Structures are given as structure tokens and as C-alpha cells.
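User: I'm new to reading protein structures, and I'd like to learn how to go through one feature at a time. Could you walk me through this one?

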Amino acid sequence: MGSSANNTSINLSRRRVLQFGAAAVSTVALPGLSLAQTREQATLASGSAGYTWALPFVAEGAGYWKANNVDLRVLDFPTGRDSMQALLAGSANFSTTTDTPLVFAVLRGLKPSILANFSRYSYDMKIVAREGSGIVADQPASIKGKKIGTPAGTSGQYALAKYLEFAKLSTSDVQQVNLAPTDLIGALVRDDIDAFSWTAVAGKAAIRQSGGKAFVLTQDGYEKFFRSHQLLLVNQNTLETRQPLVKDAIAALLAAERRMAQDPTWPALIASRIRSTPEEVKEATAVFEFKLGFDKSFLDDLVTQAKWAIDAKLAPAPAGDLRALFRAVIETAPLQAAAPDRVTLA
């Protein structure tokens with residue numbers, strides 16, 4: 001999985017992680033070392049073992065956390081929503097997630113803080129349908145009246161909402177079925193659902209497992225409707241009491257970004273971590289932009305998602321201005337200190 005013993009990725013259930021609790025996030029002095037030599041101990045809750053988190057996986061696999069004085073423990077979860085819950089429960093210092101779970105959390109009054117917006121895409125989420133469903137690949141509106149599976153509260157659900165907008169349909173025009181990512185392909189193959197909204201890799205797996213009887217719907221022009229951001233979150237205790245660790249986290253991600261920009265062989269660093277091949281990683285991430293940064297368009301995207309969640313009655317409308325609410329959870333200072341040109345938010 002990882003590239004060294006210090007970067008071991010442990011797949012635990014949420015219950016076990018919550019039991020792990022604060023012990024995982026405390027700073028521990030290693031035996032025989034002076035205070036000046038003590039390495040930072042940290043835990044990162046990962047939003048799955050998938051290629052979506054390629055940049056933090058490069059930071060892990062290439063040893064950039066270790067190079068910045070951090071011994072990192074990584075815990076894998078099925079979705080970014082689950083990894084964020086571990087962060088909020090105090091079981092991790094950091095978590096990776098897409099923007100959708102973050103939006104739901106903030107609207108419900110929770111306070112995860114965004115330390116880095118490290119990548120984004122428009123085309124990784126796909127609508128995958130089965131033959132015999134009545135859905136036509138080049139006719140987005142043909143999903144009207146169909147049963148579509150997606151994990152609730154994730155970027156898959158938001159991508160479906162934006163695809164409906166792309167198809168000039170509303171959410172009431174389809175029947176949404178809340179399914180875990182691991183259940184989507186089986187449900188499609190068994191004809192329990194007509195289509196699902198999830199990753200490109202899941203789409204390829206569905207095509208393979210269905211014997212070629214599944215297909216991906218067109219996305220020509222979809223970039224005007226949907227963009228997903230991949231985030232590194234930090235909990236309040238870490239942010240307030242462990243500033244050196246926060247600084248080291250930003251340094252590790254920036255080092256990974258540079259490696260990915262300069263070294264075309266970087267997929268080999270993470271292929272075994274995500275049970276794939278370098279070629280598959282390269283193909284899957286071709287639609288991603290890997291770059292740390294905070295700008296107005298990022299805040300715009302968060303507010304747009306929040307309005308969707310509120311209008312769809314998936315989350316309560318908070319008091320006050322939405323832009324102010326989401327600007328308050330973006331921690332720009334650590335990135336601005338390391339790379340001032342990457343922050344253009346006031």
C-alpha cells in the first residue's frame with residue numbers, strides 16, 4: 001500500500017477509528033530523542049484508496065511528509081464524507097474530501113477548516129447506464145423517469161444534480177437511490193437501478209463486469225455545469241495548537257505538486273497504493289488539475305453547491321450570508337505564507 005513503514009495505510013471501520021480517538025492525533029516524543037529532535041506525529045483520514053487523492057498519495061509515497069518532519073498515519077475510508085466525520089470526531093488531524101461533504105457539514109453548523117484546495121475536475125464523475133434501461137448514451141434527457149443510484153451527500157450526488165441541469169431536467173424527474181460506492185456496480189448489473197452517478201473507474205468496472213452491457217452517457221459541454229474540488233481539511237484543535245504541523249502539511253503537498261508537474265513517472269509512486277497500474281492512474285487522472293490554490297471561483301463553487309443543497313431541501317438554510325459563511329472556513333494563511341501567489345481571496 002504505502003512506500004514506507006512510516007506511511008502505512010490502514011483500512012479501518014469508522015467505529016474502530018472513533019475508538020482510536022485522540023490518541024491518534026497527539027504529539028508523541030520518540031524514545032531516546034531530545035525535544036528538538038522529536039518528530040511530529042499526525043493522522044490523515046483519506047476519502048478512499050482511489051486516484052481522486054493522487055496528490056496527497058504522492059506526498060505520502062514520495063516521503064514528503066517524512067521529509068518535513070512528520071510521521072504520518074493514514075486511515076482509508078469509503079468516501080470523503082466518512083473521512084471528514086473521522087476528522088470532526090477528533091480521530092485525525094487532517095482529512096481528504098471533495099467539496100460536497102464539506103458543504104453539507106458547514107450548512108449543518110459544523111466547523112471543518114479547509115487547509116488546501118489541491119485539485120479539481122469536471123469529467124471524472126460519470127453517469128453510467130445499462131442496456132435495456134431505455135437510456136440513450138448521446139441523449140442526456142433520456143434519464144428522465146429512471147432509477148439512478150449514487151451515495152448521498154457526496155460529489156456523486158451533486159454531479160447527478162448538475163447532470164440533470166445539463167439535461168434540462170429537475171431532481172424530481174428521476175428516482176435517486178442512496179447506495180454505497182461498493183454497491184453501485186452490483187445494483188446496475190442486477191438491473192436494480194437503471195444508472196449510477198460515480199467515478200470513471202467505477203464506470204469502466206461496470207462495463208467490464210456487465211460484459212459490455214453498460215455504457216457512459218455523453219458529457220459534451222458538462223464542464224459549464226459541474227466542477228469538483230479535492231480538499232485537505234484540518235480540525236480546529238490541530239489548527240489552533242499545532243501550527244508547525246500545519247505548516248509542514250502545506251510544504252508536503254506543495255512538494256508533491258512540484259513532483260507531479262516535473263516527473264511524468266509519478267503515477268508509479270501511487271499505483272500499488274490504489275491497487276492499479278501506472279498506466280491506469282495516468283489515464284484516470286488526465287482530467288484533473290493538480291494545483292494548490294484559493295481563488296474567487298473556488299468560493300463561488302462552494303456557494304453554488306450550498307444553494308443547491310438548500311433548494312433541494314437536503315440541508316437547512318443558515319442564518320447570514322452564504323459567502324461569508326464559507327469564506328470563514330477557508331484557512332488561507334498557511335498557504336499564503338508558503339506560496340503567496342496561490343491565494344487571491346481577500
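Analyst: Sure! Let's begin with a term you'll need for the pocket: helices and strands here are DSSP runs, numbered from the N terminus. Keep in mind that this is a predicted model.

User: How many helices and strands does the protein have?

Analyst: There are 15 helices and 12 strands. The chain holds 346 residues, and 56% of them count as buried.

User: And how do I read the contacts between parts of the chain?

Analyst: Look at how far apart in sequence the touching residues are. Take contacts between residues at least 6 apart in sequence: 80% of those join residues at least 24 apart.

User: Okay, now pockets. How does one find empty space in a model?

Analyst: Rolling a probe the size of a water molecule over the atoms shows where empty space is left. In this model, the largest pocket comes to about 1,100 Å³.

User: Which residues lie nearest the centre of the largest pocket?

Analyst: Those are Ser48, Ala49, Gly50, Thr199 and Val201, out of a lining of 41 residues. Two or more lining residues come from each of β1 (9-11), α4 (80-88), α7 (181-189), β9 (195-199), α8 (200-209) and α12 (278-284).

User: Which element gives the largest share of that lining?

Analyst: Helix α8 does, with six residues. If you sort the lining by class, you get 19 nonpolar, 15 polar and seven charged residues.

User: Next up, salt bridges. What should I look for?

Analyst: You want a side-chain nitrogen of Lys or Arg within 4 Å of a carboxyl oxygen of Asp or Glu. By that rule, this model has 16 salt bridges.

User: Can you show me one? Where in the chain do Glu60 and Arg273 sit?

Analyst: Glu60 is in helix α2 (residues 54-61), while Arg273 is in the loop between α11 (267-270) and α12, so to speak a long way off: the two are 213 residues apart and link distant parts of the chain. Their side chains meet in a salt bridge at 3.1 Å, N to O.

User: Why do Glu60 and Arg273 count as buried?

Analyst: The cut-off for buried is under 20% relative accessible area. Glu60 counts as buried because its value is 2%, and Arg273 does because its value is 3%.

User: Do salt bridges ever join up? Which residues form a network here?

Analyst: Glu60, Asp76 and Arg273 are joined into one network by salt bridges that share partners.

User: Let's try Arg130. Where is it, and what does its side chain meet?

Analyst: Arg130 belongs to strand β6 (residues 125-130). Its side chain meets that of Asp194 in a salt bridge, 2.8 Å from N to O. Asp194 lies in the loop between α7 and β9, 64 residues from Arg130. Both partners are buried, with Arg130 at a relative accessible area of 12%.

User: What else does Arg130 touch?

Analyst: Leaving out residues up to four places away in sequence, Arg130 touches Leu188, Asp191, Ile193, Asp194, Lys213, Ala214 and Phe215.

User: One last pair: are Arg342 and Asp341 buried or exposed?

Analyst: One of each! Arg342 counts as buried because its relative accessibility is 17%, whereas Asp341 is exposed, at 61%. These two residues also form a salt bridge, with the closest N and O atoms 3.9 Å apart.

Key:
Residues are numbered from 1 along each chain as its sequence is written. This is a predicted model: local features need pLDDT of at least 70, side-chain atom pairs count only at pLDDT 80 or more; totals for chains, interfaces and linings use all residues. Side-chain values use heavy atoms; hydrogens and water are left out. On a 1 Å grid over the protein atoms alone, a cavity is a set of points where a 1.4 Å probe fits but cannot get out, and a pocket is an open set with protein on both sides within 12 Å along at least five of seven lines; lining residues have an atom within 4 Å of a point. Grid points are joined across faces, edges and corners, and a volume is the space filled by probe spheres set on the points. Helices (H or I, at least four residues) and strands (E, at least two) are DSSP runs, numbered from the N terminus. Ala, Val, Leu, Ile, Met, Phe, Trp, Tyr, Cys and Pro count as nonpolar, Asp, Glu, Lys and Arg as charged, and the others, Gly among them, as polar. Buried means under 20% relative accessible area, exposed over 50%, partly exposed in between (1.4 Å probe, protein chains only). Contact means heavy atoms within 4.5 Å.
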